[in-house]
Amino acid sequence: FVFWKNIRTSDRFPTLMKDSQVQFTVMVSEKQGVRALQADNVSLPGGAPFALQLESDAKKTYVGGQGLRYTGTLKFFVPKHGYGYIKIDPGFQYDKEG
């Protein structure tokens, strides 16, 4: 088992790709009295950290470009479901069509 917190990376959203070759240590974790083995310090072979975010970001289309940052007000966020709504501050020009 591998948990996202045990992946060596500077990516914003740590992830692994299926069939990737990895290097790791094994630790014993205990949850509710049940002991299990878990991967830790997961990296590329040789110990290099994963860097998949830039590759993933390059496939996306950004309104105004990847470097443009908007400001706004968070109206709500539902942690249990992982989503929310932000109202963009007035004055920003962006193409609503995409």
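In the predicted model, 13% of the 98 residues of the protein count as buried. The exposed surface of the protein comes to about 8,400 Å², of which carbon and sulfur atoms supply 55%.

The overall dimensions were examined next. The radius of gyration of the protein is 19 Å, whereas a compact globule of 98 residues would have a value near 13 Å. Along the principal axes, the C-alpha atoms of the protein fill a box of roughly 55 × 35 × 20 Å.

The secondary structure consists of four strands and one helix. Their order along the sequence is β-β-α-β-β, which places the helix between two pairs of strands. Among the contacts in the protein with a separation of 6 or more, 40% are accounted for by residues 24 or more positions apart.

Nonpolar side chains tend to be buried together in soluble globular proteins. In the present model, the largest nonpolar core has five residues in all, namely Ile 7, Ala 39, Val 42, Phe 50 and Leu 52. Each member of this core is buried, with under 20% relative accessible area. One of these core residues, Ala 39, is in contact with Phe 1, Val 2, Asn 6, Phe 24 and Thr 25 when its neighbours within four places in sequence are left aside.

Charge was considered last. The protein carries 13 positive and 9 negative charges. The mean position of the positive charges lies 6 Å from the mean position of the negative charges.

Conventions: Residues numbered from 1 in each chain as written. Predicted model: local features only at pLDDT ≥ 70, side-chain atom pairs only at ≥ 80, totals over all residues. Heavy atoms only, no water. Core = buried A, V, L, I, M, F, W, Y, C linked by side-chain atoms within 4.5 Å. Buried < 20%, exposed > 50% of the residue type's maximum accessible area, 1.4 Å probe, protein only. Contact = heavy atoms within 4.5 Å. Rg over C-alpha atoms; globule rule 2.2 N^0.38 Å. Areas by Shrake-Rupley, 256 points an atom, 1.4 Å probe, with all protein chains shown as cover. Lys, Arg positive; Asp, Glu negative; His and termini not counted. Charge placed at Lys NZ, Arg CZ, Asp CG, Glu CD.
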